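Please read the following note with the sequence and the model side by side. The points are arranged by region, and each may be checked in turn.

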Amino acid sequence: LRPNPGEAAPAGEVRVGLGSCCIAGGSDKVRIALEDALDGLDEAVHVKRVSCVAMCHQTPLLEVILPGRPPHLYAKVQPGDVADIVARHFPPRSRGARIRRRVGHWLESLYSDEGRGAVERHSIDVRDAPVAAFLSRQRRLATEYCGAVDPTDLDEYVRLGGFGALRACLPATLAGKAEALSPEAIIDTIGQSGLRGRGGAGFPTARKWEAVRAAAGAPKYIVCNGDEGDPGAFMDRMILESYPFRVIEGMLIASLAIGAHEGLLYIRAEYPLAVDRVEEAIRLCEQAGYVGGDVLGSGHEFRLRVMRAAGAFVCGEESALLAAVEGRRGTPAYRPPYPAQQGLHGCPTLVNNTETFALVPWIVRHGAGPFAELGTARSKGTKVFSLAGKVRRGGLIEVPMGITIRQIVEEIGGGVPEGATFKAVQVGGPSGGCIPAALADTPIDYEALSAVGAMMGSGGLVVLDDGDCMVEMARYFLSFTQWESCGKCTPCRVGTKRMLEILERLCRGEAEAGDLEQLERLAGIVQRSSLCGLGKTAPNPVLTTLRYFREEFEAHVDGRCPAGKCKRLITYLITDDCTGCTKCAQGCPADAIAFRPYERHEIDAEKCTRCNACYEVCPVDAVKVE
């Protein structure tokens, strides 16, 4: 803990994660309660806003740091629990205050859950099996110092080695270096590391940088693609909210490598916190001389700005993104020419994903070797994933390439909830595919995922259990891509619409013989003929579910939904186990169950809306779904 000049060292520090996920979980209210609880103390305690804590399943999360002692972690903290936690670590010095707090703790123990105080209920340890399992397989490069740094504290970033990689690339006269990394040496380092674009396609980063550097024409531009639109994905948002200086440093290094003097961060407007923190980071970097007309006195000019994206999924495709930046309709362009030769305003343009730029400073600082040692033969380094869906320990994880799907779901994520069975995982969002549990030992790398019909995508992992209908999942993801289609090319505009109509008929029980074959044929046409990568990958969820779960599709053709999810294909019945408690009748919003105390109840199938309310409230499991 470092005091400000002229101030006494604080008695301790309490860290609060204030990313979007943390705030949604209530951490901002916990922070306010924390400041109130510390306000009356007679010694200084530093409340520190930190980056994403990654353990989304444990938020709100507090970490208490005391000099010379191990950190103390508290999970799922509520505002009313804060005073007890503060009292444990920062006891008042006066005798009267101590007595009052002890009496308060005793009273709380009488009425709290199972008679335990807040400290006991919420305390966790990194050595606890669930926490250790979540953390042990992770390796943090892009998310270095996760949960420990203030996102917009420039001094702290520099103190922890930030902008050291940038200084290594500036002229040797700065900082007394023997020599600087030349643009060619920077690109060579990135090439030897094996870094591939983390936006989904996996194109070798160094080859793209070299193409922009070699392209004729000026000026040259750099664009950070933060237009993350996949359902269930939040990796780019977290990196931009938590590590804006790392992304900026990566872009600065890229500007030296390719000879660019202007950069742009294209961020979804739905990410207001990310936009605010990146703009604040740019302002601080400009004041400190890291960004502007003379970067650290080197003579290199590099200016940055943020553009809020309009929210179109297709603008994640780089040519559509550049069209949107220029004020045109966000639609993909025919290629070649590629943006590396003719991009923004007709000039050579480098477009990389947020995570790609975040990895660059680590590679330059540590060298290509340590990064290349991680991962597989063709997929090097680490990958950030958002782990969501039917899993016990969801959150933001960073793991070495080559780790298997099973290790992520069952070891890091703790598996599916009790009573359910792991069925599949959707990898790569709507452009990815559904991989069944039978293939859960598939390693996470670009080639292995492609071989089973999926793709890396930007890094979304949605876990599915036996209660999920695969036909409905295919319909959901295709409805997203069909709605987000820009409409420029006929295969995507019309083909996805016809495919969606077949899937909707399947979910309604109105499918006909030959519909599955027609669905496969249309998917192949869209995949082969669409203009852009998003259109070509739109059929992936349909093709993989047909490939691995065809029996569910065939059941829907016969008018059955094995998972009991498609409302038109299921019926609710009350069995002889009914005790006549009337809870189902009271809870039915459609009045489909007559109120008959102490008698077996019945459901009027004509009125039933399949809302599942009766199933959820029945105390004796007398409601069955067929």
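**Note on strands, pocket and selected residues**

1. Arginine 15 stands opposite glutamate 63 in β3. The two strands concerned, β1 and β3 (residues 62–65), run antiparallel and are joined by 4 bridges. Here helices (H or I, at least four residues) and strands (E, at least two) are DSSP runs, numbered from the N terminus, and two strands pair if DSSP finds at least two bridges between them.

2. The model is predicted, so that local features need pLDDT of at least 70 and side-chain atom pairs count only at pLDDT 80 or more, whereas totals for chains, interfaces and linings use all residues. Residues are numbered from 1 along each chain as its sequence is written, and side-chain values use heavy atoms, with hydrogens and water left out.

3. Strand β1 has a second partner: 6 bridges join β1 to strand β2 (residues 45–50), and these two run parallel. Within β2, valine 45 is the bridge partner of glycine 12. Strand β1 itself covers residues 12–17, and 6 of its 6 residues are buried (under 20% relative accessible area; exposed is over 50% and partly exposed lies in between, with a 1.4 Å probe and protein chains only). On one side the buried residues are Gly12, Val14 and Val16, and on the other they are Glu13, Arg15 and Gly17.

4. The loop between β2 and β3 holds proline 60. A cis peptide bond, with omega about -5°, joins threonine 59 to proline 60. Another cis bond runs from alanine 218 to proline 219, with omega near -5°; proline 219 is placed in the loop between α10 and β6 (221–226). Such bonds merit a remark because most peptide bonds are trans.

5. Aspartate 150 belongs to the loop between α6 (129–136) and α7 (154–159). Is this residue, aspartate 150, buried or exposed? Aspartate 150 counts as buried because its relative accessibility is 18%. Apart from neighbours within four places in sequence, aspartate 150 is in contact with Lys48, Arg49, Val50 and Glu156, where contact means heavy atoms within 4.5 Å.

6. Leucine 265 is part of strand β7 (residues 262–268). With a relative accessible area of 1%, leucine 265 is buried. Its contacts, leaving aside neighbours within four places in sequence, include Cys224, Leu240, Val247, Met251 and Val278. Leucine 265 and isoleucine 222 are 43 residues apart in sequence, and their C-alpha atoms are 8.6 Å apart in space.

7. What is the order of the strands in the open sheet of 5 strands? The order is β11-β10-β14-β12-β13, with mixed pairing. Its edge strands, β11 (395–400) and β13 (433–436), each pair on one side only. Neighbouring strands of this sheet are turned by 30° against each other on average, direction ignored; for such angles, axes are lines fitted to C-alpha atoms, for helices over the stretch in contact, and angles run from 0 to 180 degrees between N-to-C directions.

8. In the same sheet, the antiparallel strands β12 (residues 422–427) and β13 are joined by 4 bridges. Proline 436 in β13 stands opposite alanine 424. Helix α23 (residues 540–548) lies across β12 and β13, and runs at about 25° to β13.

9. The largest pocket holds about 1200 Å³ of space. On a 1 Å grid over the protein atoms alone, a pocket is an open set of points where a 1.4 Å probe fits, with protein on both sides within 12 Å along at least five of seven lines, and lining residues have an atom within 4 Å of a point. Grid points are joined across faces, edges and corners, and the volume is the space filled by probe spheres set on the points.

10. The largest pocket is lined by 47 residues, and Gly199, Gly200, Ala201, Gly202 and Gly316 lie nearest its centre. At least two lining residues come from each of α10 (205–214), β9 (349–353), α18 (446–451) and α22 (533–537). The lining divides into 14 nonpolar, 21 polar and 12 charged residues; Ala, Val, Leu, Ile, Met, Phe, Trp, Tyr, Cys and Pro count as nonpolar, Asp, Glu, Lys and Arg as charged, and the others, Gly among them, as polar.

11. Aspartate 621 is not a glycine, yet has a positive phi of about 55°. Aspartate 621 is exposed, with a relative accessible area of 52%.
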